[in-house]
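User: I'd like to learn how to read a model like this one, feature by feature. Could you walk me through it?

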Amino acid sequence: MQFKLSEEHEMIRKMVRDFARNEVAPTAAERDEEERFDREIFDKMAELGLTGIPWPEEYGGIGSDFLAYCIAVEELSRVDASTGVMLSAHTSLAGWPIYKFGNEEQKQKYLRPMAEGKKIGAYGLTEPGSGSDAGGMRTTARLEGDHYVLNGSKIFITNGGEAEIYVVFAVTDPTSKHKGTTAFIVESDFLGFSVGKKEKKLGIRSSPTTEIIFEDCKVPVANRLGEEGDGFKVAMMTLDGGRNGIAAQAVGIAQGALDAAVDYAKERHQFGKPIVANQGISFKLADMATNIEASRLLTYQAAWLESNGLPYGKESAMSKLFAGDTAMKVTTEAVQVFGGYGYTKDYPVERFMRDAKITQIYEGTQEIQRLVISRMLTK
Ligand code: CAA
């Protein structure tokens, strides 16, 4: 057993940490306030190779692994969870299914420009009437000659409106629930594709979350991902890895909040001494740090399993469950350490607390993670 990161992983961590501090952190609060996505940040990430971390060089990536990718999401989220999820949705929700199920032509046409950072990716599964019950989707795809015609809508799309490439799921055979679903790659300029309502959110406010709409949207047969009927499996397997990206985001958010709380507890004096001199505060910090470390270990373990070709679905659900709850708990405690100041926008901890909440909801609620874990235990 080996708990030391490799030189390559340490190098990537340092590079992303410097980038996050210098290029992402300075505008994080302002972008949150203005609900503003900044494409320039994505472009700069592309220059550093961050938009294609786990993909081989032949597909435009840097040929690293899922652990390096998780470290990058963690370091970005440590200063700005919106930037963290931008990379996470791009890599593990859009890139992964194309890498895993795409043919050579699809990988060159779609994965390569995404990995090189020329295009942004997104993933469309959820619908107004189908959230946790992903198999209950209503969007349809009808085969007509060399095209499928898609009708319906998807909601809560991370990177929605900014992405050029969408991996989406639609019903091709309404008589069969799970085996009647098919995956497609849809370009944003396809006829009949449009972006609908942009959500106004509690947290991750500079990450755009939108509806996407298909009105007789013509998608070439060549853009079907996998075979007809494979869609539900593609969606679920994609989420297996995606959930660990969210765990990494949660670890980053929690660490960012702890860093701020430790600094503040040392500086803030009350009753003639720094507040950290009180066990009420220092024990809180100790609990926060311990839970973060446990979350990080679960997350890195799941990433290591995936990188080494071992089963990781259960571990990924566990990391998301534990790290998401930790992020919520730690950020709430961080606000408590700051007291009244923590409740204001003068400090970043209120933003971390708002951002943490979504990690308990998206890519499967915490209740769905428990369902996945318990089904695996009893299978
Ligand atoms: N890998 C491979 N196959 C899988 C699988 C997996 N992880 N999970 C299920 N399957 C297969 C099953 O083996 C089964 O196959 P057979 O029919 O051949 O036996 C089939 O899929 C159906 O499986 P279930 O009976 O388990 O399906 P279910 O309807 O009970 O649903 C569920 C299972 C886990 C609840 C699933 O619906 C689920 O994950 N729901 C949550 C959806 C979710 O996470 N949504 C988030 C969307 S992304 C997002 O948040 C937005 C964003 O941009 C960040």
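Analyst: Happy to; let's begin with one residue. Alanine 72 touches Ile12, Val16, Leu50, Ile53 and Leu87, leaving aside residues up to four places away in sequence. Contact here means that two C-beta atoms, placed from the backbone, lie within 7 Å. Two notes on reading: residues are numbered from 1 along each chain as its sequence is written. This is a predicted model, where local features need pLDDT of at least 70, side-chain atom pairs count only at pLDDT 80 or more, and totals for chains, interfaces and linings use all residues.

User: Which residues touch the most other members of the largest nonpolar core?

Analyst: A nonpolar core is a set of buried Ala, Val, Leu, Ile, Met, Phe, Trp, Tyr and Cys residues joined through C-beta atoms within 7 Å. Buried means that 20 or more other C-beta atoms lie within 10 Å of the residue's own; 12 or fewer makes it exposed, and in between it is partly exposed. In this chain the largest core has 112 residues, and Ala72, Phe184, Ala257, Ala261 and Ala334 touch the most other members. H6 gives the most to this core, with 17 residues. Helices (H or I, at least four residues) and strands (E, at least two) are DSSP runs, numbered from the N terminus.

User: How many helices and strands are there?

Analyst: The chain has ten helices and ten strands. A good one to look at is H9 (residues 349-358): eight of its ten residues are buried, so the helix is largely enclosed by the rest of the structure. Among those buried residues are Arg351, Phe352 and Asp355. They pack against helix H1 (7-34), helix H4 (81-101), helix H6 (231-267) and helix H8 (313-338).

User: What domains does the assignment give?

Analyst: Domain bounds come from an automatic or database domain assignment. For this chain it gives domain 1 (7-120), domain 2 (122-231) and domain 3 (236-378). The contact between domain 1 and domain 2 takes 23 residues from domain 1 and 18 residues from domain 2. On the domain 1 side, H1, H4 and helix H5 (104-115) each give two or more residues. H4 has the largest share there, eleven residues.

User: How do I read the surroundings of the ligand, and which residues come nearest?

Analyst: A residue is near a molecule if its C-beta atom, placed from the backbone, lies within 6 Å of it. Of the 26 residues around the ligand, Ala134, Thr158, Met236, Tyr362 and Gly364 come nearest. H6 supplies the largest share of this shell, six residues. Domain 2 and domain 3 each provide at least three residues. By type, the shell divides into 15 nonpolar, seven polar and four charged residues. Ala, Val, Leu, Ile, Met, Phe, Trp, Tyr, Cys and Pro count as nonpolar, Asp, Glu, Lys and Arg as charged, and the others, Gly among them, as polar.

User: What is the phi of asparagine 159, and is this residue buried or exposed?

Analyst: Most residues other than glycine have a negative phi. Asparagine 159 has a phi near 70°, a positive value. This residue lies in the loop between E3 and strand E4 (165-171) and counts as buried because it has 27 C-beta neighbours inside 10 Å. Isoleucine 204 also has a positive phi, near 30°. Its place is the loop between strand E6 (193-198) and strand E7 (209-220), and with 29 C-beta neighbours inside 10 Å, isoleucine 204 counts as buried.
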